[in-house]
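Trainee: I should like to go through this model term by term and ask what justifies each description. May we begin once the structure is in view?

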Amino acid sequence: MADLENIESAFRSLLASLQAAKLYGLEHLLFKKSVENVYSSLHNILMEKKELVFGIVEEELAFGKEVFFDLSKSARPEILYLKSKGIERITFYIGMQKEELDNFIRFLVTPRAEIETKTSDHFALLGIKNISIGKLKTDISDKEIKVISLSNLYENSITKVQKTFTNILETETIDSLALRFSINNIMEGLTGKYQGILTLATLKTLDLGMYEHLLNVSILSMYFSSRIGFVKEDVLDIGVAALFHDIGRQYIFRKTTGRPAGPQEGVSALDESHTILGAKLLLRYVDTLGILPIVVAFEHHLKYNLKGTPKLFFPKKPHIASMIVSICDIYDSLFRKRGRKTDYSPDLIYNLMIKGKGESFEPRLIDRFFKIIGVWPIGSIVRLSDGRIAVVRDENEYDIFSPQVEVISPPEKKEFIDLKEKKDIVRIDGYINPLKEGKEFLDTVKVFCT
Ligand SMILES: [Fe+2]
Ligand SMILES: [Fe+2]
């Protein structure tokens, strides 16, 4: 009997192959190798079992009555991805050829819009005879299939970041592929429905967790770099590098207190050493994470005029990725202060940061940043000059002070307004803190996050 361990491992290799296809493309050697792995693990099982049915029950991976909880947890983005394609059951039959499997995995990663025929016709066309897909024949299959929700993506990525951090701090191996897959999904969320994920990032700053800060810096850096023209692969590299910018700080804090640092804790005292230490820690993972996280960890407090830390013996302009992450890092850190006593409003943050133009920040880059993010970021709750309450839904690149807003209160006066067009009539008068007086509007804002 093929034991459960082999079945779980076949499942695992199938999911890894999906990741490899999405991250590296279908012509990459790593993808081809991953298909080999899936094939050999399935082949061995099929020799004994004749057919193998993998199921997705709710959000768990299952085989027969067995549910692979651990695997389900670590493979949530891939599970949600399959479910979004309407796949709850995959059956492999004895006699399956490697070419069929290869075509099947290619089918799984091809966007539905690009497949013109019905799935069964498409399978016939590709010669896929010994694999079938469908819904589970249980009560659950009648339920509506949940599409990937951005909140889910966000939560899942937090878990991945947390796990990778712990592994790095404990010098364990890391699953960089799974991490990249997660970040890749976030990036796709950014290009498709970026308003949603940015709103989420804006609201998540209220939780004040370290990992939320790291993920927000990563999301912002990816959003910013993609909008200024970086290609997808580079955007992903910058996003991953941004995640690790403060790993040195985490390390020192954990060593001294035995617990993870909050987003603001110990920043100043550790500024100098955490950049160097972070780079050293990441150097151990250069084969899996690449060089960029090391560069960014080392340079993110360097400042454009090199008057930050660490002090360089041979002064050299910071890498563009470090300059991007540094802007997003400071922006998110200031943004968080909002929920605390200091209560920094977005326009105050803009004024503070623009003062650093040419000193802390590369002048053109900081200007571009605010053109893209706006003074009032997407998801901000604001009071209009006519007394109505609105939420910012989109920016106006050519007038960073006048975004597009949706009036949410009073309910009978709901409407979308492009403030750039109505400047003489209505403008933003002030900011409403979502932790205080803005609390009652949070649910209305959040509707757009899922
Ligand atoms: Fe830092
Ligand atoms: Fe930071």
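Mentor: We may start with a definition: helices (H or I, at least four residues) and strands (E, at least two) are DSSP runs, numbered from the N terminus. On that basis, proline 410 is placed in the loop between β8 and β9. Please keep in mind throughout that this is a predicted model.

Trainee: What makes the peptide bond from serine 409 to proline 410 stand out?

Mentor: Its omega is near -5 degrees, and the bond is cis. A further cis bond leads from threonine 309 to proline 310, with omega near -10 degrees. Proline 310 belongs to the loop between α14 (292-299) and α15 (320-337).

Trainee: Which elements make up the chain as a whole, and how many of each are there?

Mentor: The protein chain holds 18 helices and 10 strands. Of its 450 residues, 41% count as buried. Among contacts with a separation of 6 or more, 66% are between residues 24 or more positions apart.

Trainee: Why is serine 182 called buried?

Mentor: The term requires 20 or more other C-beta atoms within 10 Å. Serine 182 has 25 such neighbours and therefore counts as buried. The residue sits in helix α8 (residues 176-204). Outside the four places on either side in sequence, serine 182 is in contact with Pro77, Asn156, Ser157 and Lys160. Its C-alpha is also 9.2 Å from that of arginine 76, although 106 residues separate the two in sequence.

Trainee: What makes lysine 303 and leucine 306 noteworthy in their backbone angles?

Mentor: Neither is a glycine, yet lysine 303 has a positive phi of about 70 degrees and leucine 306 one of about 65 degrees. Lysine 303 lies in the loop between α14 and α15, and so does leucine 306.

Trainee: Why is each of these two residues called partly exposed?

Mentor: A residue is buried at 20 or more C-beta neighbours and exposed at 12 or fewer, with partly exposed in between. Lysine 303 has 19 other C-beta atoms within 10 Å and is therefore partly exposed. Leucine 306 has 14, so the term is partly exposed here as well.

Trainee: How do you know that the length of helix α9 (residues 210-227) agrees with expectation?

Mentor: At 1.5 Å a residue, its 18 residues should span 26 Å, and the end C-alpha atoms are 26 Å apart, so the two values agree.

Trainee: How is α9 placed relative to the rest of the structure: enclosed or open?

Mentor: Of its 18 residues, 17 are buried, so α9 is largely enclosed by the rest of the structure. Just after this helix, glycine 229 takes a positive phi of about 105 degrees.

Trainee: Why are α9 and helix α10 (residues 232-243) called roughly antiparallel?

Mentor: Their axes cross at roughly 155 degrees and come within 8 Å. Angles over 145 degrees count as roughly antiparallel, and α9 and α10 are therefore given that description. The crossing of α9 past α10 is right-handed. Residues making the contact include Leu214, Val217, Ser221 and Met222 of α9, with Val235, Ile238 and Leu243 among those of α10.

Trainee: What makes the pair of helix α1 (residues 4-24) and helix α5 (residues 98-109) oblique?

Mentor: Their axes cross at roughly 60 degrees and come within 10 Å. Roughly parallel needs an angle under 35 degrees, and roughly perpendicular covers 65 to 115. The angle fits neither range, so α1 and α5 are oblique to each other. Here too the crossing is right-handed, α1 passing α5. The contact is made by Ser17, Leu18, Ala21 and Lys22 of α1 and by Ile105, Leu108 and Val109 of α5.

Trainee: How do you know that β7 (residues 389-394) and β8 (residues 404-409) are paired strands?

Mentor: Pairing requires at least two bridges. These strands have 5, in the antiparallel sense. In one of them, valine 392 is matched with valine 405 of β8.

Trainee: What is the strand order of the sheet, and why are β9 (416-418) and β10 (428-431) called edge strands?

Mentor: The open sheet has 5 strands in the order β9-β8-β7-β6-β10, with antiparallel pairing. β9 and β10 each have a single partner strand, so one side of each is left without a neighbour in the sheet. Neighbouring strands are turned by 40 degrees against each other on average, direction ignored.

How values were computed:
Residues are numbered from 1 along each chain as its sequence is written. Chains are lettered from A and ligands numbered from 1 in the order in which they are written. This is a predicted model: local features need pLDDT of at least 70, side-chain atom pairs count only at pLDDT 80 or more; totals for chains, interfaces and linings use all residues. Axes are lines fitted to C-alpha atoms, for helices over the stretch in contact, and angles run from 0 to 180 degrees between N-to-C directions. Two residues are in contact if their C-beta atoms, placed from the backbone, lie within 7 Å. The expected span of a helix is 1.5 Å times one less than its number of residues. A crossing is left-handed if the near helix is turned anticlockwise from the far one by less than a right angle, and right-handed if clockwise.
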